[in-house]
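This report looks at the pockets of one protein model and at the packing of two of its helices. Please keep the sequence and the structure at hand while reading.

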Amino acid sequence: KDLVIDIAQALEEKKHLVAHAPTGLGKTDSALSAAITYALRENKTVFFLTPKISQHQIAVEVVKGIAKKFKKNILGVDLIGKKYQCIDPLILQSDFDGFYEMCSKKVKHEACPYYANAKGYSKQEKDQSKFYIDRLLQKDYDIIWSHQEMKEHSMNAVGKNGERPMCPYEVSMEIAKKSNVIIGDYFHLLNPYIQELVLARLGKKLEDCIIIVDEAHNLPERLRKILSSSLSSFVVKKAEEEAVK
């Protein structure tokens, strides 16, 4: 109770709060309940940032529980990296760095059917994809998608009311534009380059966001990695091979 009150007060006074408490106290529940209450009232967006994909589900369940218990109309989405949400079997065979290049090329050459279904290349495809995404949002209660649910829904959409498999990442980003709660990784907002891209894509401003940093003791090391560059002999060798080709 004391933690919830302190967080609520920090939000009202636009202050930062650092909470140190034992495992099991309910830090995630306390932070999200206070932040969501404020966000719904003031039309803000809650960003819950975690260091690991495995921790996203905990936050998803908390938001679902809050929405169900208090009958709040909360819209939320769980964002992870594009590679981890891809359902294209061919692109998934590429290595980590190669994935993004292949994905970009397929989209650029209008060769990805999953992107076409989620975003559309032609006006007709764009209208169809908007229709399907709008239908996902037409519910009388909360809707918060975990990345697993989004991927399963996208893969199994074939034949359901004329739906086709859509790129889970692109659908998640479309839902995030209207979301009250976004669960993401540290890099979504703490990497300056990615932060700029994500906020611009979602049409949101940093000053209109409430940032909850989960497992904040991991933050210094992660930030050093995010903001550091390295060049290994392996990378130089691969670059040389590519240049020859």
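## Pockets and a helix pair

Sorted by class, the residues lining the second largest pocket comprise 12 nonpolar, four polar and five charged ones. The model is a predicted one, and in it this second largest pocket holds about 740 Å³ of space. Its lining is made up of 21 residues, and those nearest the centre are G81, K82, Y100, F187 and I194. Two or more lining residues come from each of helix 4 (82-85), helix 5 (96-108), helix 9 (168-176), helix 10 (186-190) and helix 11 (192-202), with helix 11 giving the most, five residues.

The largest pocket encloses about 1400 Å³, and among its 38 lining residues L17, A31, I211, I212 and V213 are the closest to the centre. Helix 1, helix 2, helix 3 (56-70) and strand 5 (209-213) each contribute at least two residues to this lining, and the largest share, six residues, is that of helix 2.

| Pocket | Nonpolar lining residues | Polar lining residues | Charged lining residues |
|---|---|---|---|
| Largest pocket | 22 residues | eight residues | eight residues |
| Second largest pocket | 12 residues | four residues | five residues |

Two of the elements that line the largest pocket, helix 1 and helix 2, also pack against each other: the axes of helix 1 (residues 2-12) and helix 2 (residues 27-42) come within 9 Å and cross at roughly 35 degrees, in a right-handed crossing. Helix 1 makes this contact through L3, V4, I7, A8, L11 and E12, while helix 2 brings K27, S30, A31, S33, A34, A35, Y38 and R41. By class, the contact residues are nine nonpolar, two polar and three charged.

Methods:
Residues numbered from 1 in each chain as written. Predicted model: local features only at pLDDT ≥ 70, side-chain atom pairs only at ≥ 80, totals over all residues. Heavy atoms only, no water. Axes fitted to C-alpha atoms, helices over the stretch in contact; angles between N-to-C directions. Helix = DSSP H or I, 4+ residues; strand = E, 2+ residues; numbered from the N terminus. Left-handed = near helix turned anticlockwise from the far one by under 90°. Contact = heavy atoms within 4.5 Å. Nonpolar A, V, L, I, M, F, W, Y, C, P; charged D, E, K, R; others polar. 1 Å grid on protein atoms, 1.4 Å probe; cavity = no way out; pocket = protein on both sides within 12 Å on 5 of 7 lines; lining within 4 Å. Points joined across faces, edges and corners; volume = space filled by probe spheres on them.
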